[in-house]
Amino acid sequence: NEALTLAMVEQHLNSLLPSSTLSQLQPYFKAARQHLGNIPQNERIRSWLNKVRTVPPAQPLLPPGVKPAVQHTVFEALLADRQLEIKYLKRGEDKAVEYRIHPLAAVQRGSITYLYCRIFDYDDLRTLALHRIQFATMLEEAAKAPPGFSIDDEINSGKFGFGEGKQVRLEAIFYNGAGEHLFETSLSNDQILTELEDGSVKLVATVADTPQLAWWLLGLGDGVEVVKPAALRQSIADTITRMHKIYQS
């Protein structure tokens, strides 16, 4: 059981563990592989590794390349609560920008790992893609988080849907079974689902107003109609109008 657990840790958490931790775990990973390799192929405990997988719920994307030296330095600074000096290449730019940052958390979102941080000593928090960091140096100064900072609160507010954390009351109608999954996987803790006479389903839920929400709704195509808020409904309608013009050309 211990060997199986270590094998799954190596398989699934390699990209999120600091280098120092990985180095310390390498002998255990090796011993686990050897132990599992000595177990007959038909033994249930060994076969588990061939029976469990994780797949993304959206279109899978290949992860961008992250410089190993950068990942090592960033994760070590995060582990030690130390500031970093980095060179960051924004998308579409030719020249990297130098920042001094306070790393606060690493978050893997799909195929991309993001660093949540303060830039210089500003109070606002920023999200930097790890693969866009060209160079990183750990500093002696301690990284300082805002009072009461919690990465879980930031995630729950919708910041990693790339919004501002504004909460809205979403009302939507789902057609032709498009909302069936919401009966088992709720959109929010206060979600209310009502089955209507025509077989459609009405949803009312408090959610973060983010681009991720709009992408999800648009991905359902004609299976959903946004009723409220009015601004989101109009935004969805405008997008559909532009799409119609593209496909009519």
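Which strand pairs with β8 in the antiparallel sense over eight bridges? That's β6, residues 167-174, and I'll build most of this talk around those two strands. Before I do, please keep in mind that this is a predicted model.

Okay, the overall picture. The chain has seven helices and nine strands. Its radius of gyration is 23 Å, where a compact globule of 249 residues would have one near 18 Å. If you box up the C-alpha atoms along the principal axes, you get roughly 60 × 55 × 45 Å. Buried residues make up 32% of the 249. And if you take the contacts with a separation of 6 or more, 57% of them are between residues 24 or more positions apart.

A quick word on surface and charge. The accessible surface is about 16,100 Å², and 52% of that belongs to carbon and sulfur atoms. On the charge side, we have 26 positive and 29 negative side chains, with the centres of the two sets 6 Å apart.

Now back to the strands. β8 covers residues 201-208, and six of its eight residues are buried, so the rest of the structure largely encloses it. For β6 the story reads much like that: six of eight residues buried, so this strand is largely enclosed too. If you want to see how β6 and β8 line up, find valine 168, which stands opposite valine 207 in β8. Then go to phenylalanine 174, which sits opposite valine 201 in β8.

Phenylalanine 174 is a handy residue to click on, since it also has a bridge partner in β9, namely valine 224. That belongs to the pairing of β6 with β9, which is antiparallel with four bridges.

What about β7? That strand is residues 192-195, and it runs antiparallel to β8, joined by four bridges. Glutamate 195 stands opposite valine 201 in β8. So valine 201 turns up twice, facing phenylalanine 174 and facing glutamate 195. β7 and β8 form a hairpin with five residues between the strands, and in there glycine 199 takes a positive phi near 95°.

Next, something that packs against this region. Leucine 213 is in helix α6, residues 211-219. Is leucine 213 buried or exposed? Buried, because its relative accessibility is 8% and the cut-off for buried is under 20%. Setting aside neighbours within four places in sequence, leucine 213 contacts Leu170, Val207, Ala208 and Leu232. Leu170 falls within β6, residues 167-174, and Val207 and Ala208 fall within β8, residues 201-208. Leu232 is in α7, which spans 230-248. For a sense of distance, leucine 213 and glutamate 93 are 28 Å apart, C-alpha to C-alpha, with their positions 120 residues apart in sequence.

Let's move to another part of the chain, threonine 137, in strand β5, residues 133-142. This one is partly exposed, at 33% relative accessible area. Its C-alpha is 5.6 Å from that of leucine 84, although the two are 53 residues apart along the chain. Not counting residues up to four places away, threonine 137 touches Thr73, Gln83, Leu84 and Glu85.

Last topic: backbone oddities. Most residues other than glycine have a negative phi, and most peptide bonds are trans. With that in mind, here are three spots to look at.

Aspartate 81 has a positive phi of about 55° and isn't a glycine. You'll find aspartate 81 in the loop between α4 (68-80) and β1 (82-88), and it's partly exposed, with 48% relative accessible area.

Phenylalanine 120 is another, with phi near 55°, again positive in a non-glycine residue. Its loop lies between β3 (112-119) and β4 (125-129). Phenylalanine 120 is partly exposed as well, at 31%.

And which peptide bond is cis, with omega near 0°? The one from lysine 228 to proline 229. Proline 229 lies in the loop between β9 (224-228) and α7 (230-248).

If you're opening the model afterwards, I'd begin at phenylalanine 174, facing valine 201 in β8 and partnered with valine 224 in β9.

Technical notes:
Residues numbered from 1 in each chain as written. Predicted model: local features only at pLDDT ≥ 70, side-chain atom pairs only at ≥ 80, totals over all residues. Heavy atoms only, no water. Rg over C-alpha atoms; globule rule 2.2 N^0.38 Å. Buried < 20%, exposed > 50% of the residue type's maximum accessible area, 1.4 Å probe, protein only. Contact = heavy atoms within 4.5 Å. Areas by Shrake-Rupley, 256 points an atom, 1.4 Å probe, with all protein chains shown as cover. Lys, Arg positive; Asp, Glu negative; His and termini not counted. Charge placed at Lys NZ, Arg CZ, Asp CG, Glu CD. Pairing = 2+ DSSP bridges.
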